[in-house]
Amino acid sequence: MLGVARRMLRRSDLAEDAVQDALVLIWRRAAQFDPGRGSARGWIYTILRNRCLTMLRQEAREVSTDAADLDTTPLPEVLAQAHGGLEDATGLRQCLDRLDAPTRDAILASYVMGHSHGEIAGRLDSPLGTVKARMRRGLIKLRECLS
Amino acid sequence: MTERSLDMLIDEVVLGLASDADCARLERMAAADPALAARLERARQRFAPLDDTATPLPVPEGFWDRLSDRLDTAQIPPAPAEVVDLGEMRARLARWRGAAFGAVAASLLMACIAGWSLMVPPAPLVVTVLLDADGDAVALVESARDNTTRITLLEQPEVPSGRVMQVWTKPDDAGPPVSLGLLADGRSETLTIRGLTAPASQQLYEITLEPAGGSPTNLPTGPILGVGRANDPVI
C-alpha cells in the first residue's frame, strides 16, 4: 500500500498520511464492505487510491522540508517500471503492448501516478481535447482486448 | 446514457480521471444496481495488476503508534447498530503490530470477511489503574478476554540501569502471580500471553522492577512500581 501511495504522491511523508487515512477509513467502513461485490483487496486499494487522488487534487499542498521524503524517480522511468512490472502473461500487459506508446503512457500515468487529463496534456504539449480523445480510443481498445 | 459512454465513465472513474461529481454519480448508480457494480468491479480488476508493480516499502518507524493514536480518536460511524469497542480495536491492532504490511492488509481483509457486522459485541474489558505507594496513578492496564494486555504508562517511571519493568497478574487470588511480560523499552506496550483464564473483576495487576531479562525466579522479587485491582468498565 505504501508503495502505491508513494508512487502516486511522489513523497514518502504524504504516502504515509495517505495510507493512515485509508486504514482509518477502512476500519470505519468495514461494516459497509460486501464480499459479494468484489474482493477485499480491490476494495482496500480503491479506498487508498481515492485518498491519494484527493490529496493530489488539493490545491494547497504544504511543501515538504525534507528532501529525503521526495521521490525523484523521473516520470518515464516510473511508467516503464509499472509497465515492465506487469507479467508478460497477463492480459493487461499484452493489451497495453498493443497500444501506441504515447497512449499507453498516458493511461499508465493516470492510473499509476494519478495524473489528470490536463497534466498529461501539459506534459505531452498536446491540446487537451486531443489527449482526451486519444485516451478514450485507447481505453476502448483496451476494454475490447481484455474482454 | 449509452452503454458505451457508461463503460467510458467506469474506466475514467477507475483510472482516476473522472470528476468528483462523476465518481459520486457512478457510486450511487452502482449502489442501486448490482449488475453495474459488477461491471465497475471488473473494470477495477482489469487495472489492479498495476498496483502490484509498485515497489514495496518498509513501514516507517512509529507508523503503528501513529495509526493507533488515530484509531483511538477516530469517530465511530453513528449508523451501524452494532457496538464497536475501541479497546478491542486497539488490542487487535496491537496484536498485528510488527506483522508485515501485507499481512496487515490481509488481516483487515479477514476482519471484513469474517463478518465485522455480524460480530457479537465483545464482553467488556477489564481495566485496572495501578497506583504507586503514594497513591498516584502510574499506569492503566486494559485486558481483553484473551489476556491481551495493554499497559499505558501514565508517567515515565525511573528504571535504574540493569533493571526492567515486569508486569504481573494473579488469575487466582490465592495462587502465585503470573508474569505477563516485560516492558523492555520502558514504554507503554501491549503484551500477549496464552493459557490464562479470562481476566475478572478484582483481579490483581502489578508492575515490579526486576533484573534485566526478567525475574530469575519467575515470581516478583523487586520493588512494586504500581499495583491495583481490576474493574469492569461501564460501557
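Two strands count as paired if DSSP finds at least two bridges between them, a handy point to keep in mind for the strand views below. The model shown here is predicted.

**View 1. Strand E7 of chain B pairs with strand E4 of chain B.** Welcome to the first close-up: E4(B) covers residues 163-170 and E7(B) covers residues 204-211. The two strands run antiparallel and are joined by eight bridges. For a place to rest your eye, find B:Gln166, which sits opposite B:Thr208 of E7(B).

**View 2. Strand E7 of chain B also pairs with strand E8 of chain B.** Here E7(B) meets E8(B), residues 224-229, in an antiparallel arrangement with five bridges. One pair to look for is B:Leu204 with its bridge partner B:Arg229 in E8(B). How many of the eight residues of E7(B) are buried? Seven are, and the strand is mostly covered.

**View 3. Helices H2 and H3 of chain B cross at roughly 125°.** H2(B) spans residues 20-32 and H3(B) spans residues 34-47, and their axes come within 5 Å. Angles over 115 but not over 145 degrees fall in the oblique class, so H2(B) and H3(B) are oblique to each other. The crossing in which H2(B) passes H3(B) is left-handed.

**View 4. Side by side, the residues of the H2(B) and H3(B) contact.** From H2(B) come B:Leu26, B:Glu27, B:Met29, B:Ala30 and B:Ala32. H3(B) answers with B:Pro34, B:Leu36, B:Ala37, B:Leu40 and B:Arg44. Eight of these contact residues are nonpolar and two are charged, with no polar ones.

How values were computed: Residues are numbered from 1 along each chain as its sequence is written. Chains are lettered from A and ligands numbered from 1 in the order in which they are written. This is a predicted model: local features need pLDDT of at least 70, side-chain atom pairs count only at pLDDT 80 or more; totals for chains, interfaces and linings use all residues. Side-chain values use heavy atoms; hydrogens and water are left out. Axes are lines fitted to C-alpha atoms, for helices over the stretch in contact, and angles run from 0 to 180 degrees between N-to-C directions. Helices (H or I, at least four residues) and strands (E, at least two) are DSSP runs, numbered from the N terminus. Angles under 35 degrees count as roughly parallel, over 145 as roughly antiparallel, 65 to 115 as roughly perpendicular and the rest as oblique. A crossing is left-handed if the near helix is turned anticlockwise from the far one by less than a right angle, and right-handed if clockwise. Contact means heavy atoms within 4.5 Å. Ala, Val, Leu, Ile, Met, Phe, Trp, Tyr, Cys and Pro count as nonpolar, Asp, Glu, Lys and Arg as charged, and the others, Gly among them, as polar. Buried means under 20% relative accessible area, exposed over 50%, partly exposed in between (1.4 Å probe, protein chains only).
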